[in-house]
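Let's take a walk through a protein model together. Keep the picture open beside you and follow along.

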Amino acid sequence: MLIRSRRDFIKAAVTSVGALSALAKIGEMNAMASTSAPYQALVCITMSGGNDSHNMVIPINTYCQSSQSQQNYSLYAQARGNLAQPLASLAPTTISNGSDVYGLHPLMPEIAQLYTNGNAAIIANVGMLVQPTTKQIYQNNNPAQLPTQLFSHSDQTNQWQSAIPNGNSPTGWGGRVEDNLYSQYNSGENFTSITSTGGCGLFCTGQSTFAATVPVGGASLLQGASSPSRLLAVQNMLKFSNGLQLVQAANTTFTNGVGFSQALTNALKGVVLKSVFPANPLAQQLQTVAEIISIQKAIGVNRQIFFCQLGGFDTHGAQLGTQDPLLQQLSQAVGAFYNCLSTELGEDKNTVTFTASEFGRTLQPNGSAGTDHAWGSHHLVIGTSSQNGGPLYGGQLYGPFPSLILGGPDDANTRGTLVPTSSVDQYAATLSQWFGVAPGNVNSIFPNVQNFTSNNLGFLNFS
């Protein structure tokens, strides 16, 4: 590690164009720093395109609550047809949840090992919901009870990132969490903007906090304005007083984000990690996240949110040849990231990584050996087990595992379109409360979560 102090960070940062505005912002935040607050990081991994989690978490011998029966691998294989993972291939990644037995995808041994060690959890059947929903409610098609534009990539992406299922939102839930913490801890908490390594959309957008982009390798920091001359022109334009207070505030927020991106990217040039990361796109993003986490003490940061992205999950055809290597990349990248946090940085107990995807896919394959857009999907949360001093109640599956009977009680139609049993709001609210959002502020960030019996799915310790 070459950067050892704020002074070193500032020396590295001031050489970048526009860094002065960023350092002014950092100066404001450093003035609020509190040494008593522990460092915490949330790392979002978005699987863009709609991940088919039916081949990520596979029932071998599982109790299905909705049908009050035991379901086994043969039921999965019958519904999956030519997309079913062979039972014998699941042996290296077999995991248990009490008396239930599952297999993770055979190319995900790293995550299977994390789960076995209590450092990973599975959240079953998560999706966008306005309220608790059943197959009957869906088929009644009452717009007030359902998310708008189900099965649409753009709409569901925006809804997942905003946690607003039935309307447009100018902000994402990650941005609103940052807004809340900035206000809640303005007398003692210190955190940076959400940092994106893979292109962040609505999730990173807040009303009063700015987003920073630090691409792998520290390349273009602002699309269309990456050269110094273009960036200077943009910055000068943003400084122009137009008399509109709201627009001017947005200009300032944007300028701070660009400046901080540059300062941080330049500072990372002095960071060297010993941990080895695979040469795949997600692993390289997570390596950049690890590098930023490694200098958090030097810049006096106590809270950080990161956004990473792995694309290619829109598998309408030839799915096995596309999804299999993507899930392998996910597992290898997460395994390397956790290893770096735990063995080199010592921040594994302070970091929670979680997956997101705009929707799941149909259990039944289509005629092109692929799957189509669906609804509920399983997700992964990674962090050190609470038994070892970490925040995660790991080695467990949370939420009822759905029936895999086509046309059955959990199928919205006849193709295995799962009606979610846990909402994105509940999932995100659980993560946010661990991150520091006070229980009394949860409803303002996630307006629909009050429609559910709990805003805590129970997989994290934030007592």
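What volume does the second largest pocket have? It comes to about 380 Å³. To find this pocket on your screen, look for T133, P400, V419, P420 and T421, which are the closest to its centre among the 19 residues that line it. As for the character of that lining, nine residues are nonpolar, eight are polar and two are charged.

Before going further, keep in mind that this is a predicted model. Across the protein chain the mean pLDDT is 84, and 80% of the residues reach 70 or more. Two stretches deserve some caution, though. Residues 218-255 have a pLDDT below 50, and in the model this stretch makes 37 contacts beyond near neighbours in sequence. Residues 1-5 also stay under 50, with 17 contacts beyond four places in sequence. Where pLDDT is low, you shouldn't read the predicted coordinates in detail. So don't lean on those contacts too much.

Now let's go inside. In soluble globular proteins, nonpolar side chains tend to be buried together. Here, the largest nonpolar core has 64 residues, and the ones touching the most other members are L286, I293, L330 and F337. Which helix gives this core its largest share? That's α11, with eleven residues. There is also a second, separate core of 37 residues, and A163, C204, Y427 and V437 are among them.

Let's stay with F337 for a moment. Leaving aside residues up to four places away in sequence, F337 touches V43, F277, L286, V289, A290, I293, T351 and T353. Two of the names in that list, L286 and I293, also turned up among the core residues touching the most other members.

F337 has another role to show you, this time beside an enclosed space. The model has three cavities of 30 Å³ or more, and the second largest has a volume of about 40 Å³. Its lining is made up of F337, Y338, L341, D348, T351, T353, I382 and G383. Notice T351 and T353 in there: F337 touches both of them.

Where do these lining residues come from? Both α11 (319-345) and β10 (351-356) supply at least two of them, and α11 gives the most, with three. By type, the lining of this cavity divides into four nonpolar residues, three polar and one charged. So what ties this part of the tour together is α11: it gives the largest share of the largest nonpolar core, and it gives the most to the lining of the second largest cavity.

Definitions and conventions
Residues numbered from 1 in each chain as written. Heavy atoms only, no water. 1 Å grid on protein atoms, 1.4 Å probe; cavity = no way out; pocket = protein on both sides within 12 Å on 5 of 7 lines; lining within 4 Å. Points joined across faces, edges and corners; volume = space filled by probe spheres on them. Nonpolar A, V, L, I, M, F, W, Y, C, P; charged D, E, K, R; others polar. Helix = DSSP H or I, 4+ residues; strand = E, 2+ residues; numbered from the N terminus. pLDDT = per-residue confidence, 0-100. Contact = heavy atoms within 4.5 Å. Core = buried A, V, L, I, M, F, W, Y, C linked by side-chain atoms within 4.5 Å. Buried < 20%, exposed > 50% of the residue type's maximum accessible area, 1.4 Å probe, protein only.
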